[in-house]
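Colleague: Could you take me through this model step by step, with the reasoning behind each answer?

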Amino acid sequence: MGYDAATGVVATSLYEQIPEYKFDYEENAEKQSTHNPFLKKVEKKKSKSRTGSQFLIFSDSRQGAAKFACFLSDSYKEFLRRRGIWNIVTEEENNYTNGIGISDFVTVLDNYYSGLNLFRKSNSENIETSLTENRRNAWVAVLNELYNCNRDTSLVSLGKISFEYLGNSDDIIQVVVKNYNLSKQDAKNFLNFLAFETVRSAAIVTDKISDINQSDREYLFFTPYQKTITKYKDNSIFNSQCFMPTPKTLKSGEKKYHRSTKLLLTSKILKLDHDKAVEFLGYYWDYMVSDNNKYKLITNDGKGYVIPANYFKVNLGKNAILWKCNKCQKVTQFNIGNNCIQIGCTGNLERLNSKEFCSDNYYALLYESKKVSPLFVKEHTAQLAKKDALDYQQQFIRKEINALSCSTTFEMGIDVGDLETVFLRNIPPLASNYAQRVGRAGRSIDAAAFALTFARLSSHDFTFFDSPREMINGIITPPNFTLDNEKILKRHIYAVALSLYLKIYPDLYSANNAKLFINEKGYLGFISWLKSEPIELSDLLRNSISITNKQLVDKYINSYEWLEGFIGDQGTFSKIIKEYEQNVEYLKREYEKAMRARDEKTASLFNRKLERYQKNDLIDFLVRGNILPKYGFPIDSVELTQNIAAQSFKSLNLSRDLSVAIAEYAPSAEVVADGSLYKSRYIRKPIVNKSEMNDFETAYFAECPDCQNINYSKMPIGSDGTPCAICGKKLKNRDFKKSIEPRAGFIAEEEIKEVPLSSQERKYKTEAIYVGDNTAYPISKYEYEFENIKLKVESTANDSLVVKSTDFFYVCPKCGYSIASDEVSKLSEYEDYKSGAYRIEKNTVGHKNPFGEGKCINTTLIRYSLHHEFKTDVAKISFGCDTSNYSTMLSVMYALLNSFAHELNIERRDIKACLSYKISGGRKEHKIIIYDAVPGGAGHSRRLVTEDGEVLKAVIKRAINILDTCECSPSCYRCLRNYENQKIHEILDRENALTFLEQLG
Ligand SMILES: [Zn+2]
Ligand SMILES: [Zn+2]
Ligand SMILES: [Zn+2]
Ligand SMILES: [Zn+2]
């Protein structure tokens, strides 16, 4: 059972248990429209009362909350439809002792649903608009039981109803009885089984086309289109399935039929060989479509057939005779000679006692209840526009909505009155989150709070499942912010200095354009101005920055000591300028070299890159270089925007940090928001102005064939190649593969879909790579000796990591249209596609551009990966012992991460780690790189590095303890595994990690 389904069952059970309250609502009354204010009628509102229950649901992620809102809403509807049938059957079983035609049954059910107005859109909706909804749902309910009669949760399997084809007349049954020596009952059941092939093929039609819609079909039959049944296999008939067994020729030349239950059963029951059995099936098909049959299948083209659902009748309750296998316990309506219907089961059938069978069946007990009222559940996350979120919140307070499926948006400050129940779909990261979520309930004086928490199979949830007190009574450290944080202070000082300079010298200021200030070296004036230690700057700093730390005041306010770290040789600003100018030089040099060699292709590559590189935004440049504060200019957050050509537009806020976006918003990834499904399709190109778009921001990756380290370069590689950054082996320029940093975000497909009840998550994997940065500044570096083993720990800030997708995407360089490398059917439209191809272009269909202007003029797609480079705080740990075993070091890494988070009370998601290594003396030497997952760094990692090494020691001790108290092999969710590392669960080895760490403490 999936996570949604599991928590769905819990949420449903919980909802059923919540006591109902009464509430009044106002039904829309007639309003007479008139422009004469004196004639304006007083609006009359009819007040009615309903009952309902309410609760809040929390998920950790927005997508989790968004999907669960859809899932719970849909699965509860399915459940209500069943409960409706159950109640009808109980009420009506004495009135229809000979069964009832499906259409009539649908009408009875529709009346029942309509009486309760069960499928209204909201609690404030008036009756009329939901009439068709109730009938639609009645049809869906009955077709679902008919089509899925074999499923264990169906009402047929619970012995509550059975279905029968009306076309098997007594005459026809008699023929089978006589010719094949069967009992009348067996013959009847056998023919009914064969007639059900139309149902199994989903070739069923309702009374009117409008009875069900495309998404109902999708839900019922997994295709939005009407399916048909043909006699023989016919690929020219769209969406069809055939009745007759399909022949195949064996290598020996012998003709055989594909095995199917239908063929095996026919041959077994009628005691015929396969050829004769097939002949019999042919006769039966001919009967089913012949004029002699009052209930014959219908057809438009004489090839594809459908059957009206009304040609089946429903037997209700005690009139339904069902059978149970004494061996496999399967319940069936087809009893032919007491044989179990399951292929391979040799059990015998026994009459099912439905009452007894249902008495301890979870589903039966749920369906039985008389509580029949809708469950309205809406998403409440940061993905919604503020207005919509507020709207849902108000509806919840007015009790028009029963449940809100929230991410963290609801944690703070929203009072929802007399709410009593909260459901947490996982154990929150921290005790403070728990307190906030649970604290939503029981805020009114006369309400008692109830909070139910579902513990997932994760090490975090396990830990607190074992010791819930730590979560429930946990210590809550109030969020604090110290103004004396040097890291933050510096960026503010720099920002103040720069803005003052540009104010004094407005000639150098040209909005966000970096041309004057950077490209044309306007910054030189800035540097000499700073060196003159201007009084007006000191005054401004003194007046605008309030810090108390004496040391910091002396360094930043009372003196110009800080200039060294800024514009000195190793200063932050000097370094990024130097890097920029070196890159420009490099691009120019390579361009000229290629020109001299008459290699126009390479020359134009370098020329384009140079142009792109020099088209710099000033703020972007300075923020990326960590000169200006990042939170003021969020450059690392991108959006998945809706397609201009889409039919409906909702204001949504689908934004994500780039390192997450390259997985969650990557082309072909699906995102659920406010009840709809959006599929990403385009990588958005950076826009310069109305008519001009920039090239994608690209970089290059190569795996070193010798040391397997990933080399990363922002610049294209020249014809001479470049040495591997780790082992020095010469890498050729063709070893490097292209990657896009999608800084302008993504665009969704035109089509917006409904959210399917069970959705396969399409999400791409990423890997973090420590690439190191020569502009990073070291904070501290210590060496310790634990149990005679040397440990080196170094912490740096402003260091570089790259997150890279492990998959490829085929991207249109013109418009950004992209196909993921696993979208097989889309790629197969390209004649020249081969797995791993660098470019594909032979496609007759083409693709639409994202500007709503029809087809793109380009058909060539180029292979790229996606990446994001970011700066953060890093702690590097190297060990003086054998670190050559990759899987051991990975296991050690996860053990240390877990215990580090626990020891210092850091949210586990806020720190991450990766391994880096070099070959030394023919052996791999691994380093563990722990870094802050928060862009820009939050200062977590550096807390590991203290002069006395006590923190690291404690972290190792705790890691040993976690590993030692586990008994699993090789590892489990309690010790090393978690959701993120599931790809490598098998190689995570608890005992190896333990042995390694025990050397150190
Ligand atoms: Zn069986
Ligand atoms: Zn190498
Ligand atoms: Zn295109
Ligand atoms: Zn374990």
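**A sheet of strands**

Modeller: In this predicted model, 3 strands form an open sheet with antiparallel pairing, and their order is 4-13-5.

Colleague: Which strands stand at the edges of the sheet?

Modeller: An edge strand has a single partner strand, so one side of it is left without a neighbour in the sheet. That is the situation of strand 4 (100-101) and strand 5 (161-165).

Colleague: Over how many bridges do strand 5 and strand 13 pair, and which residue is the bridge partner of Phe163?

Modeller: In general, strands of a sheet pair through backbone hydrogen bonds, either parallel or antiparallel. Strand 5 and strand 13, the latter made of residues 312-316, pair in the antiparallel sense over 5 bridges. Within this pairing, Tyr165 stands opposite Phe312 of strand 13, while the partner of Phe163 in strand 13 is Val314.

Colleague: Which helix packs on the sheet, and what angle does its direction make with that of strand 5?

Modeller: The helix that packs there is helix 6, residues 184-195, and it touches both strand 5 and strand 13. Its direction makes an angle with that of strand 5 of about 85°.

Colleague: On the other side of the pairing, which residue of strand 13 stands opposite Gly101?

Modeller: Strand 4 and strand 13 also pair in the antiparallel sense, here over 2 bridges. In strand 13, the residue opposite Gly101 is Lys313.

Colleague: Why is strand 13 described as largely enclosed by the rest of the structure?

Modeller: In a regular strand the side chains alternate between the two faces of the sheet. Both faces of strand 13 are covered, with Phe312, Val314 and Leu316 buried on one side and Lys313 and Asn315 buried on the other. Strand 13 is therefore largely enclosed, because the number of its residues that are buried is 5 of the 5.

**A hairpin**

Colleague: Strand 41 and strand 42 form a hairpin, so which residue in the turn has a positive phi?

Modeller: Strand 41 (residues 911-920) and strand 42 (residues 923-932) pair in the antiparallel sense over 10 bridges, and one of the partnerships joins Lys918 to Glu925 in strand 42. The hairpin has 2 residues between its strands, and the residue in the turn with a positive phi, of about 60°, is Gly921.

**Two zinc sites**

Colleague: What is the arrangement of the donor atoms around the zinc ion (ligand 4)?

Modeller: This zinc ion (ligand 4) is coordinated by the SG atoms of Cys966, Cys968, Cys972 and Cys975, at 2.2 to 2.3 Å, and in sequence these donor residues are spaced C-x1-C-x3-C-x2-C. Among the donors, Cys968 counts as buried because its relative accessibility is 14%. The 4 donor atoms subtend angles of 96 to 122° around the zinc ion (ligand 4), which makes the arrangement tetrahedral.

Colleague: Which residue coordinates the zinc ion (ligand 3) through NE2?

Modeller: The site of the zinc ion (ligand 3) is tetrahedral, with angles of 101 to 114° among its 4 donor atoms, and its donor residues are spaced C-x2-C-x31-H-x8-C in sequence. Cys812 and Cys815 are both buried. The zinc ion (ligand 3) is coordinated at 2.1 to 2.3 Å by the SG atoms of Cys812, Cys815 and Cys856, and through NE2 by His847.

**Salt bridges**

Colleague: How many residues apart in the chain are Glu16 and Arg83?

Modeller: Side chains of opposite charge can pair when their charged atoms come close. Glu16 and Arg83 form a salt bridge in which the closest N and O atoms are 2.5 Å apart. The pair links distant parts of the chain, since Glu16 lies in helix 1 (residues 3-17) and Arg83 lies in helix 2 (residues 62-92), and their separation is 67 residues.

Colleague: Are Glu16 and Arg83 buried or exposed?

Modeller: Buried means under 20% relative accessible area. Glu16 has a relative accessibility of 15%, so Glu16 counts as buried. Arg83 has a relative accessible area of 0%, and therefore Arg83 too is buried.

Colleague: Lys296 and Asp291 also meet in a salt bridge, so is Asp291 buried or exposed?

Modeller: The side chains of Lys296 and Asp291 meet at 2.6 Å, N to O. Lys296 is partly exposed, because its relative accessible area is 28%. Asp291 has a relative accessibility of 66%, so Asp291 counts as exposed.

Key. Residues are numbered from 1 along each chain as its sequence is written. Chains are lettered from A and ligands numbered from 1 in the order in which they are written. This is a predicted model: local features need pLDDT of at least 70, side-chain atom pairs count only at pLDDT 80 or more; totals for chains, interfaces and linings use all residues. Side-chain values use heavy atoms; hydrogens and water are left out. Two strands pair if DSSP finds at least two bridges between them. Helices (H or I, at least four residues) and strands (E, at least two) are DSSP runs, numbered from the N terminus. Contact means heavy atoms within 4.5 Å. Axes are lines fitted to C-alpha atoms, for helices over the stretch in contact, and angles run from 0 to 180 degrees between N-to-C directions. Donors are N, O and S atoms within 2.8 Å of the metal (3.2 Å for Na, K and Ca); water is not among the atoms, so sites may look incomplete. Four donors count as tetrahedral if all angles lie between 85 and 135 degrees; four count as square planar and six as octahedral if opposite donors are over 155 degrees apart and all others between 65 and 115; anything else is irregular. Buried means under 20% relative accessible area, exposed over 50%, partly exposed in between (1.4 Å probe, protein chains only). A salt bridge is a side-chain nitrogen of Lys or Arg within 4 Å of a carboxyl oxygen of Asp or Glu.
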